[in-house]
Amino acid sequence: MQVTKWINVLSLSSILFYVCIQQVWSGSSLNKNKGLVDHLQSFGIIQSKKVAEVMETVDRGLFVPDGSPAYLDSPMQIGFKATISAPHMHATCLQLLEDNLQPGMHALDVGSGTGYLTACFALMVGSHGRTIGVEHIPELVSTSIKNIEKTAAAPLLKDGSLALHVGDGRKGWPEYAPYDAIHVGAAAPEIPQPLIDQLKPGGRLVIPVGTISQDLKVVDKNLDGSVTIRSETSVRYVPLTDRETQLRGY
Ligand SMILES: C[S@@+](CC[C@H](N)C(=O)[O-])C[C@H]1O[C@@H](n2cnc3c(N)ncnc32)[C@H](O)[C@@H]1O
């Protein structure tokens, strides 16, 4: 009798232990996403309330393939020789572009991939603004639309202020130019001229440039139309190239 009682007590405590561990490891994805944002804030990568809010709102877990460790600060394979960029790069680019992503502004995301950053841009510029994603792999464009449909940016897809297109992003997207903010999510050997042309005076382009070594360049178009270019940091991105070269593995 005594032995049975101990076994019951032991099995109850093991069950409780298991339940607690399960809760720790499978806490809601929103909590984990918040944890990731807190981490980026504690390292000073996210510096503004606006960027923290948008990254909390757009759950990275909805943008990575099933089974990927969504909340690690690391890029992840998404197929087609492409990756979702690391959260610290998303945060860095959002910080650099924040002033050019005010409500009502126009934003272009070249190499939109999973659509994560495109969704963030769309939430920042809102329904009176315009956000365009351009990605040259049609399957990624379809997946990115499905991803965004699960987020708070879904109504913006519906009302047309956010759209994702299949195309060669090196040509930009002239239809809604000039843009206040242009982001490029893949490294160009040099800055494509159409992207500079499609930047509004006062607008900003953030683009990784280089082949073996790459720098994240910040291109500001001044009010007189001249441009100022500076390097923000060293980075490592997949190349901005043509579809065939990418699918061959570069
Ligand atoms: C680092 S990945 C995705 C980045 C995206 N910000 C994300 O986090 O999901 C870069 C993307 O650029 C795309 N890409 C490369 N060259 C391109 C081009 N010429 N035109 C459009 N997209 C391109 C790739 O297919 C890939 O999806």
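# A walk from a loop to the ligand

Let's start with phenylalanine 80, which you'll find in the loop between strand E1 (76-79) and strand E2. Keep in mind as you look around that this is a predicted model. The backbone does something worth a glance here: phi of phenylalanine 80 is near 60°, so you have a positive value in a residue other than glycine. How exposed is phenylalanine 80? Its relative accessible area is 34%, and because partly exposed covers the range between 20% and 50%, that is the label it gets.

Move along to lysine 81, which is also in the loop between E1 and E2. Lysine 81 has a phi near 60° too, again a positive value in a residue that isn't glycine. With 42% relative accessibility, lysine 81 counts as partly exposed.

Now follow the chain into strand E2, which covers residues 82-84. This strand takes us to the ligand: E2 supplies three residues of the shell around the ligand, the largest share. In total, 24 residues surround the ligand, and the closest are His90, Thr114, Glu135, Gly169 and Thr241. What kinds of residues make up that shell? Sorted by class, there are 13 polar, eight nonpolar and three charged ones.

Zoom in on a few individual contacts. Histidine 90 has an N or O atom in its side chain that is 2.8 Å from an oxygen atom of the ligand. Aspartate 168 also takes part through its side chain, with a polar atom 3.0 Å from a nitrogen atom of the ligand. Threonine 241 does it with its backbone instead: one of its backbone N or O atoms lies 2.7 Å from a ligand nitrogen. How much of the ligand does the protein cover? On its own the ligand would expose 600 Å², and the protein buries 100% of that. As for where the ligand is housed, look for the largest pocket, because that is where it sits, with more than half of its atoms within 2 Å of the pocket's grid points.

Let's go back to His90 for a moment, since it belongs to the buried residues of helix H4. This helix runs over residues 87-97 and is mostly covered, with ten of its eleven residues buried. Besides His90, the buried ones include Pro87, Met89, Cys93 and Leu97.

Next stop: the loop between strand E5 (162-166) and strand E6 (179-184), where proline 178 has its place. Which kind of peptide bond joins alanine 177 and proline 178? It's a cis bond, with omega at about 0°.

Our tour ends around strand E9, which spans residues 227-235. Valine 235 is in this strand. Its relative accessible area is 12%, and because anything under 20% counts as buried, so does valine 235. Valine 235 and alanine 187 are 48 residues apart along the chain, yet their C-alpha atoms are separated by 9.0 Å.

Just past the strand comes the loop between E9 and helix H9 (243-248), and that's where tyrosine 237 is. Is tyrosine 237 buried or exposed? Its relative accessibility is 11%, so it counts as buried. Tyrosine 237 also has a partner from another part of the sequence: leucine 216 is 21 residues apart from it along the chain and 9.6 Å apart in space, going from C-alpha to C-alpha.

Notes:
Residues numbered from 1 in each chain as written. Predicted model: local features only at pLDDT ≥ 70, side-chain atom pairs only at ≥ 80, totals over all residues. Heavy atoms only, no water. Near = heavy atom within 4 Å. Polar contact = N/O pair within 3.5 Å; in protein donor to acceptor, adjacent residues only side chain to side chain. Areas by Shrake-Rupley, 256 points an atom, 1.4 Å probe, with all protein chains shown as cover. 1 Å grid on protein atoms, 1.4 Å probe; cavity = no way out; pocket = protein on both sides within 12 Å on 5 of 7 lines; lining within 4 Å. Helix = DSSP H or I, 4+ residues; strand = E, 2+ residues; numbered from the N terminus. Nonpolar A, V, L, I, M, F, W, Y, C, P; charged D, E, K, R; others polar. Buried < 20%, exposed > 50% of the residue type's maximum accessible area, 1.4 Å probe, protein only.
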